[in-house]
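Biologist: I'd like to learn how to read a model like this one, feature by feature. Could you walk me through it?

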Amino acid sequence: LEMDGKVKKQKPHQQKHSGPKAEKKKLKKQNGSTEEDERKRNPKAFAVQSAVRMAKTFHRAQDIKTKKHHVPVVDRTPLEPPPIVIVVVGPPKVGKSTLIRCLIKNFTRQKLTDICGPVTIVSGKKRRLTFMECNNDINSMIDLAKVADLVLMLIDASFGFEMETFEFLNICQVHGFPRIMGVLTHLDAFKNNKTLRKTKKNLKHRFWTEVYQGAKLFYLSGMVYGEYQNQEVKNLGRFISVMKFRPLVWQTSHPYVLADRIEDLTDPERLRTDPKCDRTVSLYGYLRGTHLKNKGQVHIPGVGDFQMSDVNFLPDPCPLPGTQKKRALNEKERLLYAPMAGVGGVVYDKDAVYIDLPANHVKQLQEEVRPTTELVQSLIETHVTLDAKMAASKVSLFSGSAGLDPTDIMQEGLREIHVWDPHTQTQRRKVVFTGDEEEENDVSGSSSDEDDDGSDSDQENQEEDDDLSTFLKEARAKSEKATRGSTPPVKKPKLEEMKGEKEVVTEAPAFADSEDELEKSEADSEGEGEAERAGDSGHCSKESEEDSEEEEEDGDDESMEEEIGFMFNFMLKNKLFSFLIPRCDLSVGTLKWKEGLQQKASAAFLRHQEAAPNLRKLVYGSVVEAEDSEEEEEEELGGLFRVNRPQKSKRVQANALDCSHFNPDISHNWDLEEMLNSIRDCFVTGQWEEGQDAATLLKEDEELYGDFEDLETGKVHKGVTGDESDEADDEDQQVKMDDEEVQKNKRLEKKRRLKERFDTEYDDGDATYFDDLKEEMQKQAELNRAEFEDMDDESRVQYEGFRPGMYVRLEISSLPCEFVTNFDPHYPIIIGGLGTSEGNVGYLQMRLKKHRWYERILKTRDPLILSLGWRRFQTIPLYHIEDHNGRHRLLKYTPQHMHCGASIWGPITPQGTGFLAVQSVSGANFRIAATGVVLDLDKSVTIVKKLKLIGYPYKIFQNTCFIKVHYI
Amino acid sequence: MASHGLTYEGCNFLRQRLVLSTLSGKRVKIKNIRSKDDEPGLRDFEASFIRLLDKVTNGSTIEINQTGTVLVYQPGLLYGGTVEHDCNPQRSVGYYLEALLMLGPFMKSPLKATLRGVTNDLTDPTVDLLKSTALPVMKKFGIDGEGFDIKVRTSWYSRGMAPGGGGEVVFTCPVRKTVRPVQLTDPGKIKRIRGVAYSVRVSPQMGNRIVESARGILNQFLPDIYIYTDHMKGANSGKSPGFGLTLVAETLNGCFLSAEMSSTPQGQGDPILPEDLGRNCAKLLLEEIYRGGCVDSSNQSLALLLMTLGQQDVSKVLLGPLSPYTIEFLRHIRDFFQIMFKIEVQKPLEDERKGGDKVLMTCVGVGYSNISKTLK
């Protein structure tokens, strides 16, 4: 530049080489204050200026440190955790379904056209995900907020925040805050880059104030062919698959199931005669939260409280891949399970196997009957080999009550949905903040609702076809796996019989033209195995045809089966302990290793039984017998008198003396020396165990601390080491080889103990209470995991209950018929377990605050809909405030900006549980009326009210006056 | 909201059923209470127990039919606070106290129960025994703190022997929100034996005679034995004469095994010599030690209950052989809480001289939390 030349050059600094300053500097250099640390080099600058300030800073530092601590809790997550529930929320037309579709496609390479009910996928080696779309209904939002692990909160950036978003955030806050990730969509609506940036920033900061500073907000920039960009979806998927979750109090203390399949098991005859009768329904889903006890009480939000009549666990329909060491999942392991959306293929029930096919396919397929056997046979084999329990069981025709197929029910729901048109009916509920009103207006001006995903419908048919083909491929793959591991079927009489029972196979018309699909998928994959299998299946079908005549009694089912068309039932009569069935070997010819497992398990079981000489039976088993014996016949004499016999032994016990005293064994005579000897070692004076013997301990101490030098005399004392004495002994016992082993173990043991001592001395020195507590929890967690690990599941569930992660089937009788008739898979069905006495009712005292965004104040005795625990219910609250003297004074209205007490008559829910209240579930404004927390539960409550009574005196004494009051 | 009740028959195990019903909130119906007896229906002491339960709860409904053969109990919430109760002298205070021990930690406000009646008799665990064994068991579960005590002595009178009674016991118990899981698998060796030889309205010499005879047997095992003599006079001594002995063996790991014996009530049965009583009681203690375990036989059910009510973690406890009362209690726990215990028998090793078979009980708690306690 020109200016540079004109700039006046400044005079450089001249270093002094002589004089006092230079001297000083030189001295400093020589003395070498080479100290790097400023604090030491210049201590004055860091000296304590003010003791008060120092104390303050110290306090602050400590505060920050301790704030980071959470109360340690026992880690109760099971080894195989249930799929993570990802709830996708957002106002209508924001792109929820598209996002789920894209994520599913990203993880499983499959396309799902209709997102209907929960969709479970395998996303990684150790993680499964369940996607659930939350529709724009406050009930769904409330229910799903209670079960969500992760919430993907979709926000239409072109429009800004809508009321639903904030409502959902507030619901989450009340019911424990799951992980929340914001996703901005419709970013392609912005033409101007600057407004885009600005909007992003605004939305981000608003989102942060609501969730937490730095909460993740994801941007989906635009659509490509009706889908989000692959790379962005992939990134979002990565975020999801590495995300960590914090345990939420309510979720970890209650078992719950997000039902992904329901079946109506009601007797069809009863249904015909009384369509409004109570239904017996089985619900399926992954168990989450905590252990579920059989026959426990559950609540289904929107339906009510029920007692489960039965709970079973089923083989996992969407299992995690095996524990082989490899980097990524292969195509077969990327499973997808969504029965409500009609995907998932083969479904295993307790006593049946269902193969679901969309109804329209069945119609097409029904014409050709010929080549079905092959595929169906392979499917059957699949199911036999997949699961040890089933392998051990007998296969027979499903008799009689075929449950309503979920697809059946689904169709009903679908019809309703077609009626509902989001385009026309959606009412967008804009949130306006006073601060950024102008900008919002700008944004909304530019935004439009025109973005439609009509392209989906074009693809629909094609995609559906894809679905089937992928499903078939999957099934094929499974069967291949099975047959490859197996030997060609050896003719065993029992095996044949079993196949005879599977005879539906030949009759079934469903898979008629599936062949071409099969060939396609087959051609490139495998050649030789196919031929072999084809041979097998043909052979088997022939056999089964022969046997079919023997099984005539099941014939009537077949006709029914044909009517249903797309459903096969294979009833598996399982015994409780499958491995105890002597016939277990008959079907296991296909998989050898499983046979081994069964034997091992049965051996272990028997060993256990032997070890406990029927003590378990004595305690838990004999109850049944006792009940049997209670049926005693009562003789009557002349129809008037009853013979009063001397009571039976059982009855005597029932009315015996209630006493906890345990009478001593009479056979023990404590005068005898041998009896006395039998308990000698219970006392400190008796013989101690090898390791704890005083002599051993002393010797150890000697070894450890024996060496010392007497400093006064300079004499060195040598401890008698074990090695020396061992060496001496060794000469005598060199012949023994295992002696060395013993010595080695001893040395190891000694080393370990030394290490332990060292650790306790040096590590625990500054261990805080917090550390100790954490360690304790850790130990407990390990114990919890280890205790029942080597048990088989059947007996394990008896002790533990059903553990989270299991796929369970809950049977509930007496559900109202409306549950089935109005079933819509788009609404979540949650089965929430209730703790002890949570099924009772009482008075709840709560702390309540009117929501600051709710416009009106609430009036005492105005009905309010509360969401508390699992439940949503309407109740009549009384508001009150605590006076200084501790009494609760009734308030007519809630205070404007203050907490107040509220008392309701409602379900007992543990203290500390949060709740929210709405006045009506529909409405244009912010719907959450109040939030709060349960403080106290009781069966009575005292609230006082000041009364003004008007009357006149009717008796006057000196200082006393009686007043007669007119009651109005 | 249907609360499904449970139905039982007979008056036996009444306390268990009512206590578990109260804790689980499940309604219970007991039919055929002594229906074929000459005197059908509930006895006075049972009615007294129900009345006590009514005092410590709020909102429970109790229906008894006219003959007293059917009882329907809909539990309310445990209230606690200061409760005074005159226990029926048909059973000793221990009968009532056993139930209160189970309920005490789960009240709304800390319990201070004053129970009057018979403190020591033959059938039920005496107050001394519960004080020295039940409280340490509960302490292991984290129920501890100031004012956790059973006091036998108040200002007026304390001990009351059967049949007259006239004793007073104060049981104070703090409130807990949760119970912590325990692992009591190693009882350890017995390091000392303590005891109380009490005598009321008899010669003070009785106590010394009991002590001497009991020591005679126990000294073969352990030198550290100390048995206190507790002689009551005048107003403190209740209404009936009697004497007895309570022995407690403490192990290195803080487990307590106990035995007790008291004289037959005045005018009922053969009188017993204090020497015999001392010897027999010492033998009972040896029997108890033979059974072994971390919890003595009279408190087995208390320990199992607290394990059941613990957090959802694995609890383990080593017991001696299960008493019939405990076995029934296990069944009741399954009915009320759907909890089954894993029961493993540990047989003694060949050359081990540690008494008979032990039973290792394992369970996962229900994750019970005290729903009565007020949140501030």
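Modeller: Sure. Over residues 185-289 of chain B the chain is 29% helix and 34% strand, with the end C-alpha atoms 15 Å apart. UniProt, in an unreviewed entry, lists that stretch of chain B as "domain: RNA 3'-terminal phosphate cyclase insert". Keep in mind that this is a predicted model.

Biologist: Which stretch of chain A does UniProt annotate as "domain: Bms1-type G"?

Modeller: Residues 81-246 of chain A, again from an unreviewed entry. Over that range the chain is 40% helix and 22% strand, and its end C-alpha atoms are 14 Å apart.

Biologist: Let's move to empty space. How many cavities of 30 Å³ or more does the count give?

Modeller: General idea to begin with: rolling a probe the size of a water molecule over the atoms shows where empty space is left. In this structure, the count comes to 18 cavities of 30 Å³ or more. The largest cavity has a volume of about 210 Å³.

Biologist: And which residues lie nearest the centre of the largest cavity?

Modeller: A:His661, B:Ser258, B:Ala259, B:Glu288 and B:Ser297, out of 16 lining residues. Two elements give two or more residues to that lining, β15 (256-262) and α6 (274-291) of chain B. The largest share, four residues, comes from α6(B).

Biologist: What is the lining of the largest cavity like by class?

Modeller: Mixed bag: six nonpolar, five polar and five charged residues.

Biologist: Now backbone angles. Where should I look for a positive phi?

Modeller: The rule of thumb is that most residues other than glycine have a negative phi. In this model, B:Asn32 has a positive phi of about 50 degrees although it is not a glycine. B:Asn32 sits in the loop between β2 (28-31) and α2 (44-56) of chain B. With a relative accessible area of 26%, B:Asn32 is partly exposed.

Biologist: What is the phi of B:Gln338, then?

Modeller: Near 55 degrees, so to speak another non-glycine residue with a positive value. Its place is the loop between α8 (324-337) and β17 (342-346) of chain B. B:Gln338 is partly exposed too, with a relative accessible area of 21%.

Biologist: How about glycine? What phi does B:Gly25 take?

Modeller: A positive one of about 75 degrees, just after α1(B).

Biologist: Since you bring up α1 of chain B, how many of its residues are buried?

Modeller: The idea is to compare each residue's relative accessible area with a cut-off, and under 20% counts as buried. For helix α1 (residues 14-24) of chain B, eleven of the eleven residues are buried, so the helix is largely enclosed by the rest of the structure. Among them are B:Leu14, B:Arg15, B:Arg17 and B:Leu23.

Biologist: Back to chain A. What does its overall make-up look like?

Modeller: Chain A has 33 helices and 35 strands. Buried residues make up 46% of its 968 residues. Its accessible surface comes to about 54,800 Å², and 52% of that belongs to carbon and sulfur atoms. As for contacts in chain A between residues at least 6 apart in sequence, 76% join residues at least 24 apart.

Biologist: Can we zoom in on single residues? Is A:Pro255 buried or exposed?

Modeller: A:Pro255 counts as buried because its relative accessibility is 10%. You'll find A:Pro255 in the loop between α10 (249-253) and β9 (256-258) of chain A. Not counting residues up to four places away in sequence, A:Pro255 touches several residues, including A:Leu287, A:His291, A:Ile831 and A:Trp870. A:Pro255 and A:Gly839 are 584 residues apart in sequence and 14 Å apart in space, C-alpha to C-alpha.

Biologist: Where is A:Pro81 found?

Modeller: In the loop between α4 (51-67) and β1 (84-89) of chain A. A:Pro81 is partly exposed, at a relative accessible area of 30%. Leaving out residues up to four places away in sequence, A:Pro81 touches A:Arg128 and A:Gly805. Between A:Pro81 and A:Arg803 there are 9.4 Å in space, C-alpha to C-alpha, for a separation of 722 residues in sequence.

Biologist: One last residue: which strand holds A:Gln845?

Modeller: Strand β26 (residues 841-850) of chain A. A:Gln845 counts as buried at 15% relative accessibility. Beyond its neighbours within four places in sequence, the contacts of A:Gln845 include A:His880, A:His888, A:Val934 and A:Asp936.

Notes. Residues are numbered from 1 along each chain as its sequence is written. Chains are lettered from A and ligands numbered from 1 in the order in which they are written. This is a predicted model: local features need pLDDT of at least 70, side-chain atom pairs count only at pLDDT 80 or more; totals for chains, interfaces and linings use all residues. Side-chain values use heavy atoms; hydrogens and water are left out. UniProt positions are given in the numbering used here, feature names are shortened, and annotations may be inferred rather than shown by experiment. On a 1 Å grid over the protein atoms alone, a cavity is a set of points where a 1.4 Å probe fits but cannot get out, and a pocket is an open set with protein on both sides within 12 Å along at least five of seven lines; lining residues have an atom within 4 Å of a point. Grid points are joined across faces, edges and corners, and a volume is the space filled by probe spheres set on the points. Ala, Val, Leu, Ile, Met, Phe, Trp, Tyr, Cys and Pro count as nonpolar, Asp, Glu, Lys and Arg as charged, and the others, Gly among them, as polar. Buried means under 20% relative accessible area, exposed over 50%, partly exposed in between (1.4 Å probe, protein chains only). Contact means heavy atoms within 4.5 Å. Accessible areas come from the Shrake-Rupley method with a 1.4 Å probe; for residues, only the protein chains shown count as cover.
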